[in-house]
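The questions below take up the empty spaces and the sheets of the model shown here, and each answer works towards the value or name that was asked for.

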Amino acid sequence: MARAALAAGSVIDGFRLEEIAYRGGMATLWRVTHADMAAPLVMKVPRLEYGEDAAAIVGFEVEQMIMPSLSGTHVPRFVAAGDFTTMPYIVMEFINGPSLRARIDHAPLAPEEVAAVGAKVATALHQLHRQNVIHLDLKPSSVLFRANGDAVLIDYGLAHHNQLPDLLAEQFRLPLGTGPYMSPEQIYGVRNDARSDLFALGVTLYFLATGERPFGNPTSIAGLRKRLYQNPPPPAALRPGFPPWLQEIILHCLEVDPARRYNTAAQVAFDLQHPQEVVLSERAARTARDGIADRLRSWLGSFGAGRVVHSSVADHLAAAPIVMVAVDLMPGMEALGEALQRATRRVLAADAGARLSCVSVLKTSRIAIDSNVDAEGRNLHVQRLVELKHWARALGLEPARVTFHVLEAPDPAAALVEYAHANQVDHIVVGARASSAVRRFLGSVSSRVVAEAPCTVTVVRVAHNERDAG
Amino acid sequence: MRICLLSDIHANREALAACLAHAKTIGTDQFAFLGDLVGYGADPAWVVDTITGYCETGAICVLGNHDEAVFTEARADMRPEARAVVEWTRAQLDQRQRGFLEQLPLQVERDGMLFVHANAWAPSRWDYIASPFDARSSMAATTCRQTFCGHVHEPQLYHMGADWRAGAFTPVAGTPIPLGAQRRWLAIPGSVGQPRDGNPAACAALFDTANRSLTYYRVPYDAAAAAAKVRAAGLPQNLGARLEAGQ
């Protein structure tokens with residue numbers, strides 16, 4: 001693999017090296033240009049000198065294998081790869097934005113900023129998981145931001161693609177990852193659980209919110225294993241007055257047993273975007289490090305019976321969907337409300353990990369300033385929320401599985417679709433009123449939701465005989 | 001070039017016809033038949049004629065142990081039911097069809113790819129590749145970067161890095177797998193005519209040499225019809241049931 005040293009001005013497979021953008025321990029990033037490509041590009045060249053760690057070589061193979069399969073705004077666009085037989089490299093889109101690593105210098109950050117940044121990273125992570133890829137090395141330096149604020153995840157050298165051979169799993173028995181961020185199961189060589197990334201996300205959020213790493217910076221295997229039996233100090237112990245909802249979210253991500261963490265990154269993003277909806281548990285109330293016995297028991301349990309790791313990341317995500325039901329509570333719609341309850345129950349019954357978001361739209365006028373109270377002086381928003389919760393009572397869901405949202409918008413269909421986008425909803429259940437000439441002409445809310453939604457939509461109608469009865 | 005890999009057809013006309021039709025829909029420039037054209041199934045003559053036709057226009061085809069059994073004495077270690085089918089198959093084929101099987105090579109090497117029925121270390125001994133260890137022995141016995149073989153009926157992909165450690169992967173149908181140039185690969189597409197992994201759909205694979213990407217496929221076919229023919233031909237009854245269950 002001997003080759004001449006690279007220098008500015010060298011041309012490799014049509015890519016001209018301009019300048020070094022970054023020199024890291026594992027790789028060097030060159031800004032490159034290509035006659036046929038206008039977009040700014042970088043070439044990642046691994047540092048594979050004589051005697052280099054075999055894991056670094058295989059890691060670069062892994063990155064070359066996985067990157068071309070990825071798409072979307074949350075990953076750098078793959079452009080080209082160079083063969084190991086001549087010179088290994090990856091050319092990809094240059095992300096001209098800051099790294100999350102830079103924010104660490106300013107930690108502790110305000111809880112609102114932690115939540116906003118965390119939601120962006122969790123959203124990116126969910127999009128990655130949807131493509132069957134687990135990052136397994138998430139940390140502030142592997143997150144960049146685009147100019148529009150979208151998080152971009154980089155560095156796939158330790159990643160696992162659920163539908164491609166795992167070259168690292170076969171060859172290395174030592175834990176692979178970055179010490180402070182590595183999940184307990186990774187320490188034991190488990191590489192196929194998407195929830196490992198949620199643990200690393202929890203470490204990242206903890207670090208941003210407190211300025212401290214929850215498990216320090218261990219350098220030995222014994223040091224790494226400490227996280228199996230020792231709870232991190234709760235953020236409230238480091239920062240008095242720390243918001244309980246954020247502590248709840250962070251410690252939920254840091255559970256030692258993956259089954260006790262959030263099911264999906266979308267659920268983490270959801271909670272970070274809706275602090276007032278976070279159901280507080282004992283985690284939120286902790287003020288000092290404790291619970292050693294609990295943590296160990298939880299860890300032991302996680303290797304016992306009943307540990308379910310789906311063989312496919314897609315299956316795992318599918319078993320924990322975010323279901324959104326759009327509830328119209330207009331008088332006279334009781335039969336449709338009941339039909340919606342039945343349909344929602346059926347959808348939720350299929351997946352034990354499903355979470356339900358009950359949404360109702362309070363239609364506002366486009367021009368006039370609406371009064372937010374009704375004729376009796378009741379707050380319309382609060383009243384709608386009360387009615388929504390009343391509607392959901394019949395479903396008998398435990399509080400941690402259901403949230404309630406009243407959206408105020410002039411265009412209900414647009415508001416519902418936007419909500420589904422923002423919250424990575426997997427399945428929308430929406431009622432449709434009886435067909436009428438006007439609705440056929442103007443288009444109904446449900447038909448627009450069907451046309452524009454980013455996910456599966458179930459349209460619920462009251463059966464004919466029910467409607468025509470009497 | 002897009003090479004369609006079809007192995008262990010085992011005289012199953014319905015399965016082969018479905019795979020050939022499927023190959024057309026996904027786009028194929030070249031066919032490689034990895035041996036065991038006959039044995040077990042009820043349509044040896046049709047299968048041999050069809051593959052003879054493909055070979056006349058440039059397809060690759062190698063010899064399998066069931067093909068060899070047609071023109072040699074049955075081996076002592078062959079299963080009784082397989083031996084019964086060999087006798088029956090021999091009677092179904094005419095001189096020309098038997099002659100086609102007899103002239104098949106044990107292996108074909110082309111552009112860094114090895115096509116062989118069982119393994120590369122001793123192709124005529126028909127030893128199975130059942131573990132990463134076996135796969136390593138085979139990959140070490142050839143200078144080809146890619147080996148395509150059959151004999152084993154379950155789809156599998158083995159790979160070996162510079163440190164000579166081999167790994168195994170059970171492929172997911174429909175997902176293209178880039179076969180990196182820095183390691184060796186041994187791909188078993190699985191059986192067209194007698195799948196045994198509990199899924200009765202025929203196995204096939206496509207290798208695109210342009211980007212070295214390999215995609216495994218499962219092709220559903222009328223297994224009930226193929227099974228009915230096996231029964232009607234008076235072949236061992238369980239052979240039909242196996243087709244319908246994919247076992």
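**Cavities, pocket and sheets**

In this predicted model, the structure holds 3 cavities of 30 Å³ or more.

Q: Which helix gives the most to the lining of the largest cavity?
A: The largest cavity encloses about 80 Å³ of space, and of its 16 lining residues those closest to the centre are B:Asn12, B:Gly41, B:Ala42, B:Val230 and B:Leu243. At least two lining residues each come from helix H1 (13–26), helix H7 (223–232) and helix H8 (237–245) of chain B. The greatest contribution to this lining, 3 residues, is made by H7(B).

Q: How do the residues lining the largest cavity divide into nonpolar, polar and charged?
A: The lining of the largest cavity comprises 16 residues. By class, these divide into 7 nonpolar, 5 polar and 4 charged.

Q: Where does the largest pocket lie with respect to domain 1 and domain 2 of chain A, and why?
A: The largest pocket holds about 1,200 Å³ of space and is lined by 37 residues, with A:Tyr22, A:Ala27, A:Lys44, A:Ile154 and A:Asp155 nearest its centre. Because domain 1 (11–93) and domain 2 (106–317) of chain A both give residues to the lining, the pocket lies between them.

Q: Which element gives the most to the lining of the largest pocket?
A: By class, the lining has 19 nonpolar, 10 polar and 8 charged residues. The lining of the largest pocket takes two or more residues from each of strand S2 (15–23), strand S3 (27–34), strand S4 (37–46), helix H1 (54–66) and strand S6 (89–93) of chain A. The element that gives the most, with 5 residues, is H1(A).

Q: Which strands stand at the edges of the open sheet of chain A, and why is one side of each left without a neighbour?
A: The sheet has 6 strands in the order S1-S2-S3-S4-S6-S5 (chain A), with antiparallel pairing. One side of each edge strand has no neighbour in the sheet because each has a single partner strand, and these edge strands are strand S1 (11–12) and strand S5 (78–82) of chain A.

Q: What angle does the direction of H1(A) make with that of S6(A)?
A: S5(A) and S6(A) are joined in the antiparallel sense by 4 bridges, and A:Gly82 has A:Tyr89 in S6(A) as its bridge partner. H1(A) packs on this sheet and touches S4, S5 and S6 of chain A, its direction making with that of S6(A) an angle of about 40°.

Q: What is the average twist from one strand to the next in the open sheet of chain B?
A: This sheet of 6 strands has mixed pairing and follows the order S4-S5-S6-S10-S7-S8 (chain B). Strand S4 (107–110) and strand S8 (166–169) of chain B are its edge strands, each pairing on one side only. From one strand to the next, the twist averages 15°.

Q: Which residue takes a positive phi in the hairpin of S4(B) and S5(B)?
A: S4(B) and strand S5 (residues 113–116) of chain B run antiparallel and are joined by 4 bridges. B:Arg110 has B:Met113 as its bridge partner in S5(B), while B:Glu109 stands opposite B:Leu114. The hairpin has 2 residues between the strands, and the residue with a positive phi, near 50°, is B:Asp111.

Q: At what angle to S7(B) does helix H6 of chain B run?
A: Helix H6 (residues 132–140) of chain B lies across strand S7 (156–160), S8 and strand S10 (184–188) of chain B. The angle at which H6 runs to S7(B) is about 60°.

Definitions and conventions
Residues numbered from 1 in each chain as written. Chains lettered and ligands numbered in written order. Predicted model: local features only at pLDDT ≥ 70, side-chain atom pairs only at ≥ 80, totals over all residues. Heavy atoms only, no water. 1 Å grid on protein atoms, 1.4 Å probe; cavity = no way out; pocket = protein on both sides within 12 Å on 5 of 7 lines; lining within 4 Å. Points joined across faces, edges and corners; volume = space filled by probe spheres on them. Nonpolar A, V, L, I, M, F, W, Y, C, P; charged D, E, K, R; others polar. Domains from an automatic or database assignment. Pairing = 2+ DSSP bridges. Axes fitted to C-alpha atoms, helices over the stretch in contact; angles between N-to-C directions. Contact = heavy atoms within 4.5 Å.
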